[in-house]
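This briefing concerns the fold of a two-chain model. Its topics are strand pairing, helix packing and the contact between the chains.

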Amino acid sequence: MNNFYVSPEQIIKDKSEFAKRGIEKGRTTICCETKEGILFVADNPSQYLFKTSEIYDRIGFAGAGKYSEFENLRVTGIRHADMKGYSYSREDVLGRDIANLYSQALGYIFNNEIKPYEVEVVVAEITDNNEQHLFHISYDGTLTDKGIACAIGGKSEELSEKINKIYKKKLDRSDAVTLMKEFLSNESSKRILNFEVSVLEQKSDNRYFQRIS
Amino acid sequence: MSYENHLTNYTKSFTSMNISDYIFSESNHVDIKSLTPIATTVVALKYNNGVVMAGDRRATQGNYIAHDDVVKVYKVDDQSMIGIAGSAAVAFDLVKRFKTELEHYEKIQNIKLSYSGKVSFLSALVKSNMNLIFQGLIVIPIFAGRNKSDFFVHTYDALGGSYLEKNYASVGSGSSLASVFLQNNYKSFERDEAIRLIIDSLKTASNNDSATAGINLEKDLLPTILICNQTEVKEVNKDEIKNIIGLK
């Protein structure tokens with residue numbers, strides 16, 4: 001054991017920097033609201049290891065950073081949602097519930113584990129009166145309700161600002177896809193090989209999540 | 001014993017009579033073979049481009065008709081469907097659990113469970129009810145659907161054994177009647193013919209089985225019919241059923 005005193009400020013600063021560096025290394029995912037619903041566009045070279053996912057009927061997930069870590073959160077979220085929907089009712093599963101779960105989990109890990117999670121996640125939800133929500137949860141568990149668009153992974157803070165300057169009104173899904181792909185291409189130094197596009201949109205059954213490409 | 005006491009005892013045993021009363025009335029010996037589901041006929045039938053499943057709507061408690069509009073055939077996902085016979089509470093729970101687990105699997109794995117995966121998972125669910133069998137609370141499902149290329153019908157026994165059926169199968173108290181009817185009338189069918197035949201088989205069962213309901217036009221009660229084809233699982237609506245059997 002070391003015998004040196006390290007101030008709490010310093011510990012948190014070090015952990016934050018570590019987590020931020022890890023997240024910056026990753027690729028970016030953009031989530032935004034559209035006229036039809038919610039859209040996820042991810043820069044993802046793999047066609048099989050997804051960055052976006054279904055959590056429940058009207059709740060979607062996007063993760064950035066270390067795959068194993070956000071995958072862990074994704075599975076936990078699905079398990080929580082399915083358990084709640086099974087024991088109570090499908091309508092009782094809420095996006096902010098899942099967002100809270102992630103916030104608690106990430107906050108605990110950041111404070112109590114030696115290594116914080118190097119992840120950033122978004123929980124997106126369409127409520128039953130058709131309002132759309134984007135909940136952003138950062139590596140230390142900070143939970144924020146974002147506007148109509150936000151980016152995670154890579155240099156996401158700057159990109160989020162850029163997007164929010166341009167994307168002020170909801171577009172149609174197809175226009176939004178083109179616009180977000182452009183943002184991602186400008187951001188990336190290399191040519192993007194594969195875009196993972198998925199949506200939360202109303203359809204005939206009550207499970208809104210769909211993969212487009 | 002007063003007359004009143006006698007009367008209440010008499011009514012109680014009469015209305016709450018269920019399978020356990022029959023089984024345990026003589027001795028404590030449990031004969032597994034006699035543990036067939038009470039109430040219900042559910043039939044599944046393959047046709048040339050899919051599979052159709054139909055169930056009657058009656059729920060009984062002993063010889064009392066408790067409900068006339070119960071649904072016993074359910075869509076599981078867009079590739080499969082399940083029918084149930086037996087103790088209602090346990091059966092609905094089985095369906096709910098089965099659907100939840102399959103959806104959970106799909107979300108975690110990012111891919112649907114295969115048809116044979118669903119068959120063996122359902123086996124395990126039925127088997128997990130084993131302790132209830134000895135109290136007379138038995139559930140027997142019938143399962144049908146498709147994999148990438150073919151359509152299948154599977155039946156189960158009380159211990160969770162699953163059996164692949166060739167062209168058709170049925171469960172419930174009226175199943176032997178329905179099966180005999182299908183045996184005599186089965187050939188290769190188009191969709192509408194298959195629906196007509198499956199309704200006729202339920203009618204045949206309802207004619208002689210008191211726990212199976214027939215068609216009740218006065219209350220507008222028709223059997224629940226689900227169809228699984230190459231693209232989806234869909235309920236056949238009342239008007240279409242009436243058209244097919246010539247009630248309109």
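In chain B, strand β8 (residues 151-156) runs antiparallel to β9(B), and four bridges join them; strands count as paired if DSSP finds at least two bridges between them. Across this pair, B:Val153 stands opposite B:Glu165 in β9(B). The model is predicted: local features need pLDDT of at least 70, side-chain atom pairs count only at pLDDT 80 or more, and totals for chains, interfaces and linings use all residues. Residues are numbered from 1 along each chain as its sequence is written, while chains are lettered from A and ligands numbered from 1 in the order in which they are written.

**Sheet and helices of chain B**

- An open sheet of five strands in chain B follows the order β5-β6-β7-β8-β9, with antiparallel pairing; helices (H or I, at least four residues) and strands (E, at least two) are DSSP runs numbered from the N terminus.
- Its edge strands are β5 (73-77) and β9 (162-165) of chain B, each of which pairs on one side only.
- On average, neighbouring strands of this sheet are turned by 25° against each other, direction ignored.
- Helix α3 (residues 88-109) of chain B packs on the sheet and touches β5, β6 (80-86) and β7 (139-146) of chain B; contact requires C-beta atoms, placed from the backbone, to lie within 7 Å.
- The direction of α3(B) makes about 160° with that of β6(B); axes are lines fitted to C-alpha atoms, for helices over the stretch in contact, and angles run from 0 to 180 degrees between N-to-C directions.
- Helix α4 (residues 115-127) of chain B also packs on the sheet, touching β6, β7, β8 and β9 of chain B, with its direction at about 175° to that of β7(B).

**Hairpin and overall composition of chain B**

- Strands β3 (residues 59-61) and β4 (residues 64-67) of chain B run antiparallel and are joined by three bridges.
- B:Gln61 stands opposite B:Tyr64 in β4(B).
- Two residues lie between the strands of this hairpin, in which B:Gly62 takes a positive phi near 65°.
- Chain B has eight helices and twelve strands.
- Of its 248 residues, 42% count as buried, that is, with 20 or more other C-beta atoms, placed from the backbone, within 10 Å of their own.
- Among contacts in chain B with a separation of 6 or more, 67% are between residues 24 or more positions apart.

**Sheet of chain A**

- Five strands of chain A form an open sheet with antiparallel pairing in the order β3-β4-β5-β6-β7.
- The edge strands here are β3 (52-56) and β7 (143-146) of chain A, each pairing on one side only.
- From one strand to the next, the twist averages 25°.
- Six bridges pair strand β5 (residues 119-126) of chain A with strand β6 (residues 132-137) of chain A in the antiparallel sense, and A:Phe135 in β6(A) is the bridge partner of A:Val123.
- Helix α2(A) lies across β3, β4 (59-65) and β5 of chain A, running at about 165° to β4(A).

**Helix pair of chain A**

- The axes of α2 (residues 67-87) and α3 (residues 95-112) of chain A come within 10 Å and cross at roughly 135°.
- That angle makes α2(A) oblique to α3(A), since angles under 35 degrees count as roughly parallel, over 145 as roughly antiparallel, 65 to 115 as roughly perpendicular and the rest as oblique.
- Residues of α2(A) in this contact include A:Leu73 and A:His80, and those of α3(A) include A:Ile98 and A:Tyr102.

**Contact between the chains**

- Five residues from chain B and six residues from chain A take part in the contact.

Definitions and conventions
Two residues are in contact if their C-beta atoms, placed from the backbone, lie within 7 Å. A residue is buried if 20 or more other C-beta atoms lie within 10 Å of its own, exposed if 12 or fewer, and partly exposed in between; C-beta atoms are placed from the backbone.
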